[in-house]
Amino acid sequence: MSNDTSALTVRKLSVDLASGFDRHWHSGDAYRSMYYNALSMSFPVGEQSFIDSVRDAMDALPDDARYDGLRADIAQFIGQEATHRHLHGQYNAQLARQGLVNHWENWATARIRWAKRRKLSPMYMLAVTAAYEHCTAVFGDGALRYERWLAKAEPKMRLMWRWHAAEETEHKAVAFDLYRALGGSERQRVLTYLYVLFMFAVESHAQTINNLWHDGTLFKPRTWWGFATMFFGRDGVVWRCTGPMLKYLRPSFHPNRHGDPKLAEHWLAAHRADWRAIR
């Protein structure tokens, strides 16, 4: 940890979401489109919370050169999350124009305010962030690893989601390493993760169902065929993600022991013309 530089890069993606995109931008599939849209709806509030949690907790790091590398990673993590928040804000503005209603941001905001009223510790909020970061890293690894996940999506949407996936897999260990450096307990880490998994499963599907309702496709059989194939088909989310998700419960778990960093490296290199480094 003696290095005072970070391997992470803050990037700006060259994609225009302000011009809009199709309602069923993901291969004409209502369920897939509305599920990914639901994920986007959670990001601006969620990623701001992640930024706040690492900022609040890092002040407790000892003034020791051993942590210079971690401090540098935290600064870049904040930069990457800020760019994600900004782009998903543009994305969500288009969803609002399409008539979708973002409930997830309200649910997340209410929980964050509740935590502040209860004056829950910075370590609890950091444990929440580390848990969500593992979830996003698992999905990010899948989006880069399994071509069929996004192969038939509208090109600019595929670009945006895989860029986000690459950066999530890059910085997946930052909050976890900070939590460990500050002596966070294993019990709190595991219990918080179980809570996060439950809330993520419930809220992602609740928002997706609401999106489908507003889209007018909730009761169409084709919609639920999309659900079945996305989660249980070849390279389905359930088959590909359950194992990696559960690895977080192991006492020996560390984010860098799971997934393949070369997936992000290769994707970013192959799409170098689509982004520029900011920092």
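These notebook entries record what I looked up in a predicted model.

**Entry 1. The nonpolar core**

I began with the interior. The largest nonpolar core has 80 residues, and the members that touch the most others are W25, Y91, W161 and L178. I then followed Y91 outward from its own stretch of chain. Setting aside neighbours within four places in sequence, I found Y91 in contact with L17, F21, W25, Y36, N37, S40, M157, M160 and W161. Two of these partners, W25 and W161, also stand among the core members that touch the most others.

**Entry 2. H164 and its surroundings**

I next turned to H164, which belongs to helix α5, residues 155-170. Is H164 buried or exposed? Its relative accessible area is 4%, and because buried means under 20%, H164 counts as buried. Beyond four places in sequence, the residues I list in contact with H164 are F43, E47, H84 and H88. With one of them, H84, there is a polar contact between the two side chains at 3.4 Å.

**Entry 3. Salt bridges**

I counted the salt bridges and obtained 13. I looked at three of them in turn.

The side chains of E170 and R11 form one, with N and O 2.9 Å apart. What does this pair tie together? E170 is in helix α5 and R11 is in strand β1 (residues 11-13), so the bridge links parts that are 159 residues apart in sequence. The two partners differ in cover: R11 is buried at 4% relative accessible area, whereas E170 is partly exposed at 26%.

The second salt bridge joins the side chains of D29 and R32, again with an N to O distance of 2.9 Å. Here I noted that D29 is buried at 12% relative accessibility and that R32 is buried as well, at 17%.

The third is between R162 and E147, whose closest N and O atoms are 3.6 Å apart. R162 lies in helix α5 and E147 in the loop between α4 (122-145) and α5, so the pair connects parts 15 residues apart in sequence. R162 is buried at 8% relative accessibility, while E147 is exposed with a relative accessible area of 51%. I also recorded a network: salt bridges with shared partners join R11, E167 and E170.

**Entry 4. A nonpolar patch on the surface**

I then moved to the outside. Which residues make the nonpolar surface patch of about 320 Å²? They are L191, L194, L246 and L249. I checked L246 individually and placed it in helix α9, which covers residues 237-246. At 45% relative accessibility, L246 is partly exposed.

**Entry 5. Two charged residues in loops**

R250 sits in the loop between α9 and α10. Its relative accessibility of 44% makes R250 partly exposed. Apart from neighbours within four places in sequence, R250 is in contact with R189 and H258. I also compared R250 with E186: they are 64 residues apart in sequence, and their C-alpha atoms are 9.7 Å apart.

D274 is in the loop between α10 (261-270) and β2 (275-277). How exposed is D274? I find it partly exposed, at a relative accessible area of 24%. Its contacts beyond four places in sequence are K12, L13, S14 and L159. For D274 and D63, which are 211 residues apart in sequence, I noted a C-alpha to C-alpha distance of 39 Å.

**Entry 6. Positive phi angles**

Finally I looked at backbone angles. S27 is not a glycine, yet its phi is positive, at about 60°. S27 is placed in the loop between β1 and α1 (30-58), and it is partly exposed at 32% relative accessible area.

K119 also has a positive phi without being a glycine, with a value near 55°. Where is K119 placed? I located K119 in the loop between α3 (104-117) and α4. K119 is exposed, with a relative accessible area of 72%.

Terms used:
Residues are numbered from 1 along each chain as its sequence is written. This is a predicted model: local features need pLDDT of at least 70, side-chain atom pairs count only at pLDDT 80 or more; totals for chains, interfaces and linings use all residues. Side-chain values use heavy atoms; hydrogens and water are left out. A nonpolar core is a set of buried Ala, Val, Leu, Ile, Met, Phe, Trp, Tyr and Cys residues joined through side-chain atoms within 4.5 Å. Buried means under 20% relative accessible area, exposed over 50%, partly exposed in between (1.4 Å probe, protein chains only). Contact means heavy atoms within 4.5 Å. Patches are made of residues with over 30% relative accessible area and no salt bridge: like charges are joined within 9 Å, nonpolar side chains (Val, Leu, Ile, Met, Phe, Trp, Tyr) within 5 Å. Accessible areas come from the Shrake-Rupley method with a 1.4 Å probe; for residues, only the protein chains shown count as cover. A salt bridge is a side-chain nitrogen of Lys or Arg within 4 Å of a carboxyl oxygen of Asp or Glu. Helices (H or I, at least four residues) and strands (E, at least two) are DSSP runs, numbered from the N terminus. A polar contact is a pair of N or O atoms within 3.5 Å; within protein, one must be able to donate a hydrogen and the other to accept it, and residues adjacent in sequence count only if both atoms are side-chain atoms.
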